[in-house]
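Thank you all for coming. I would like to walk you through one structure today, beginning with a helix and its surroundings and then turning to the ligand.

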Amino acid sequence: MATYLVTGVAGFIGAAVASALQQQGHRVIGVDNLTTGHRDNIPAGVIFYEADCQDAALYERILSQKSYDAIFHIAGQSSGEVSFDDPAYDLRTNAESTLHLLKFARRTGCRRMIYASTMSVYGVQPDVPVSESAPAVPLSFYGVGKLASEHYMRLHEQFDIRSTALRLFNVYGHGQNMENLRQGMVSIFMAMMLRDGHIHVKGSPERYRDFVHISDVVRAFLLCLERPESYGRIINIAGSGRVTVGDVVEALRALHPVPVTVEYSGCTAGDMHGIHADITLAGKALGYTPQVSFAEGLKDMYRRTAPAYGKVAV
Ligand SMILES: NC(=O)c1ccc[n+]([C@@H]2O[C@H](COP(=O)([O-])OP(=O)(O)OC[C@H]3O[C@@H](n4cnc5c(N)ncnc54)[C@H](O)[C@@H]3O)[C@@H](O)[C@H]2O)c1
């Protein structure tokens, strides 16, 4: 049995990773400040600390646990839009947290860190699908902070901390925060549809993304533990390619038994027009290929989410 530290354990991705680690028989210590996460999401059996990862005092508290085999650093402010409201907050909560965790890893002799980075580091890319070797020119403060975290991890290679940054594309699935209307394209549109029967899209239907199901993301995180080929790497984790925003909206409407109106207006600061991923490296370094198609994943999410809104499930 190994012991893992999982930050962001009350959030969508952190809770799913923690749960999968426990299912493999491991011990999980979790940290979360509950800003966007919920206590109810934390899997039973996780030893939980409510704290900010950027707060140095946290690390004295979690020292009392035995040493960590790896740190999964998943906590973070995850909205490009929010990062424009308060860039300094974004810097502290995301990049500064990474620095503290790396310092903690050095201090405790933890040699492995796996990080939830993002496609937002890429910015506008002339060539898609985008591979990890493309220049990273983020368009949001959020992307800048995530890129800084990747570089902080690279610098810690000299202290023998083997890190892997997973550049996650658009993650979706059951368990996504349906209350947060500022992060998560699928969850935002689904929440609007289920609550109001109306989807307001900020931006054009021609924009496109690469949607990856939560179960594929969890598998990618766990594969990092098994595969030394992933040490010191930055790796795209995405789904099965390009899907337009208009396609997402129409797929949601097709699942819903009642009429849904749609409005396309406005825009979001720092939004990218279109991006999808080259996942060749994920295949080579992790043996990763996505298993869940967007159509299947969306149907599953709708089926498990709609009943809470009193809607008919497909
Ligand atoms: N969901 C996506 O599509 C996506 C895509 C790319 C990258 N990511 C990254 O994955 C990570 C998890 O995203 P998610 O979708 O699960 O979001 P989420 O909001 O559901 O989870 C983030 C969790 O981190 C906690 N948190 C935030 N800042 C913290 C801090 N400073 N200290 C302690 N806890 C803190 C929140 O309370 C929340 O529980 C984020 O770092 C995000 O940037 C997500």
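**Helix H6 and the ligand site**

Let me begin just past the end of helix H6, where Gly197 follows with a positive phi, near 65°; helices here are DSSP runs of H or I with at least four residues, strands are runs of E with at least two, and both are numbered from the N terminus. Please keep in mind that this is a predicted model, in which local features need pLDDT of at least 70 and side-chain atom pairs count only at pLDDT 80 or more, while totals for chains, interfaces and linings use all residues. Residues are numbered from 1 along each chain as its sequence is written, and side-chain values use heavy atoms, with hydrogens and water left out.

As for H6 itself, 10 of its 12 residues are buried, meaning under 20% relative accessible area with a 1.4 Å probe, protein chains only. Among them are Phe189, Met190 and Leu194, and the buried residues of H6 pack against S7, strand S8, strand S9, helix H8 and helix H10, with contact meaning heavy atoms within 4.5 Å.

Which residues come nearest to the ligand? Of the 32 residues around the ligand, these are Asp32, Thr36, Thr93, Tyr142 and Lys146, where being near requires a heavy atom within 4 Å. A side-chain N or O atom of Thr93 is 2.8 Å from a nitrogen atom of the ligand, whereas a polar side-chain atom of Tyr142 lies 2.6 Å from a ligand oxygen atom. Lys146, too, has a side-chain N or O atom 2.8 Å from an oxygen atom of the ligand.

Conventions:
A polar contact is a pair of N or O atoms within 3.5 Å; within protein, one must be able to donate a hydrogen and the other to accept it, and residues adjacent in sequence count only if both atoms are side-chain atoms. Buried means under 20% relative accessible area, exposed over 50%, partly exposed in between (1.4 Å probe, protein chains only).
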